[in-house]
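The following exercises are to be worked with the sequence and the three-dimensional structure at hand. Each task is followed by a solution in steps.

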Amino acid sequence: MKKIYARPKGLYRNINGYCPGCLHSAAGKIIMSVLEEMDLLDRTAMVDGVGCCANNDNYMDLDAIGTPHGRACATASAIKRCSPETIVITYQGDGDLASIGLAETMLAANRGDNITVFFINNANYGMTGGQMAPTTLLDMKTTTTPFGRNPKEHGYPMDMCKILSALRGPSYIARVTCIDVPNVRKARQAVKDALQHQVDGKGFSMVEFVSNCPTNWGLTPLESLRFAKERMLAEYPLGVYRNL
Amino acid sequence: MERVFMKGCQAIAEAAIRAGCRFFAGYPITPQNEIPEYFSRRLPEVGGVFLQGESETASAAMLYGAGATGIRAMTSSSSCGISLMSEAIGWMAGACIPVVICNVSRGGPGIGSIQPSQQDYFQATKASGNGGFRMLVFAPSTVQEAVDMTYRAFDLAQKYKYPVYILTDGFTGEMMEPVVLPPMRSEEFLAAERKANEAWAVRGRGGAPKAHKIRCGTRFGVRCPLEQKNKEDWEMYERWKKDEIEYETDGTEDAELIITAYGISARIARSAVSILRKEGYKVGFIRPIKIHPFPEIAYEQLDYSRLRGILCAEMSIPPQFTYDVEAVVRKRAPIGTCLRSGGEIIERSAIIEAAKKLYGAK
């Protein structure tokens, strides 16, 4: 008998605490399974952001460092430069990467620091109860936009893949999602390509996961997948934005 | 021993390199720009890493990452820049990361002035971030001391696995003086330390039985409940009161007046003390060398029956260092102050005048 599927080696054998239907766990599982496949588990240091992302530390059997909100890319850049043999990944949410840490993200990308950023975009601050994020869709209701996001008052959703693609520093930028099986396969490939860029010393790589947040979106897991497919993907088109 | 003529900031950077510092991240701010500039040139020569951060917040987060790999690392900034760094400084205390932070301070609050000042005393000794942590805080009064303290700061950071803070000022940082530079730490010494630090560093587990986790509320790569960590930190601060107090006194035994100051003010005050003695005043001198832990013992040992007063000289209005002196003196002697602030330098003549006034007041 041939084993075709197993729990990734690097995941602790405990139950994850993400909300039912949340795709954080899918992203985490993909990353860990790719690290295992590429034989990088022992070489990897994970820099996790603040918020739901920080939970990963409880599930992933990797050397890990928790960073102040938004500073993951700065900390990761320093780790990589001081220990070039380490595979350095960050795992950050939208508030962390695109709001409080926008400068750190942009400047690490611009320096072409040889790190891999995993960016989970679920259009709100999940851990704190669902406030508006830079990536919140227009008209989307959050706890701080109770009447919906209004561009005149709150500005427009920020497309980080496009913004970072304007820089010359990044080597690989892709946007994926885990809302269905075909996309999970593509996401897996993107994670692998991004990490390969780091292994090859090509510079800054990022994979954005268009994700969901059933709890704070006020939707069932299935409804949240439908919302992500219809609304989120319309604002955040999937694809490879940069592949040098 | 090598004797050279150097600017304070550059001497601090060179001393750090010789102490084994192999990473620096920082952001431009006056009056400490010569530190990052010197490192940017010098670190590549010794196989180190220099990173100009996009802000002080980022630079301190970079320092956190570098320190977490187990190498000797440092940042510097000035006053309002240090305020921005307080986020990651708190994290480094929270996660027990051995790093060195140097504040070449200037006037405040806010952007203040670019001239020298001692207005960051409370920030350095009591509240360098949230959560009530403390650090060992050196306060050099000459460029030579800045060199020697920087060199020692790296050893102490490694000894306690905790950030160590150097509080100097734009005066000492921008002044040129002859200094004797310490010897270069050997590559073997640094490699051995880095190897030992692999027991907790985050660099990929590399076959270690357990992954290392560094975050606020961890010690040596292992999680512990936050309250337990707080208690252990407190125990360490209490141990410092036995092991890390550093101060100097001069002529305190028969003194009728004490002049006390730290850092650059102490250098000026010392000169005032010698003039007063020549004029026949019985003046003693106390200078904390580390301002945290505060050398309470130096003031406890005084013969208060003889004392007409204690004069605190510092470049901060309102005073800050003076409050620590008052707390230990507990009204056993009148306390006077000689203060300047906002980038104005304290004058020796003003200290002499304030001392005579206090002397005659009884």
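**Exercise 1: Two packed helices**

In this predicted model, H1(B) passes H6(B) in a right-handed crossing. Determine the angle at which helix H1 of chain B and helix H6 of chain B pack, and which residues meet.

*Solution.*
1. Helix H1 covers residues 8–19 of chain B and helix H6 covers residues 143–160 of chain B; their axes lie 8 Å apart, at an angle of about 30 degrees.
2. Angles under 35 degrees count as roughly parallel; H1(B) and H6(B) are therefore roughly parallel to each other.
3. On the side of H1(B), the residues are Gly8(B), Ala11(B), Ile12(B), Ala15(B), Ala16(B), Arg18(B) and Ala19(B). They meet Val143(B), Ala146(B), Val147(B), Thr150(B), Tyr151(B) and Phe154(B) of H6(B).
4. Sorted by class, this contact of H1(B) with H6(B) has 10 nonpolar, two polar and one charged residues.

**Exercise 2: An open sheet in chain B**

State the order of the seven strands in the open sheet of chain B, and explain why one side of E3 and of E15 is left without a neighbour in the sheet.

*Solution.*
1. The order is E3-E2-E4-E5-E7-E6-E15 in chain B, with mixed pairing.
2. E3 and E15 (290–292) of chain B stand at the edges and have a single partner strand each, so one side of each lacks a neighbour in the sheet.
3. On average, neighbouring strands of this sheet are turned by 20 degrees against each other, direction ignored.
4. Within the sheet, E6 (residues 136–138) and E7 (residues 164–169) of chain B run parallel and are joined by three bridges. Leu136(B) has Val164(B) as its bridge partner in E7(B).

**Exercise 3: The contact between the chains**

Establish how many residues each chain gives to the contact, and which element provides the largest share of the side of chain B that touches chain A.

*Solution.*
1. Chain B gives 32 residues and chain A gives 28 residues.
2. The elements of chain B that give two or more residues to this side are E2 (23–26), E3 (49–52), H3 (56–68), H4 (80–95) and E9 (213–214).
3. H3(B) supplies the largest share, eight residues.
4. The residues on this side of chain B divide into 17 nonpolar, nine polar and six charged.
5. Strand E2 (residues 63–66) of chain A and E9(B) run parallel, joined by two bridges; Ile65(A) has Ile214(B) as its bridge partner.
6. Helix H2 (residues 72–82) of chain A lies across E2 and E3 of chain B and runs at about 160 degrees to E3(B).

Technical notes. Residues numbered from 1 in each chain as written. Chains lettered and ligands numbered in written order. Predicted model: local features only at pLDDT ≥ 70, side-chain atom pairs only at ≥ 80, totals over all residues. Axes fitted to C-alpha atoms, helices over the stretch in contact; angles between N-to-C directions. Helix = DSSP H or I, 4+ residues; strand = E, 2+ residues; numbered from the N terminus. Parallel < 35°, antiparallel > 145°, perpendicular 65-115°, else oblique. Left-handed = near helix turned anticlockwise from the far one by under 90°. Contact = placed C-beta atoms within 7 Å. Nonpolar A, V, L, I, M, F, W, Y, C, P; charged D, E, K, R; others polar. Pairing = 2+ DSSP bridges.
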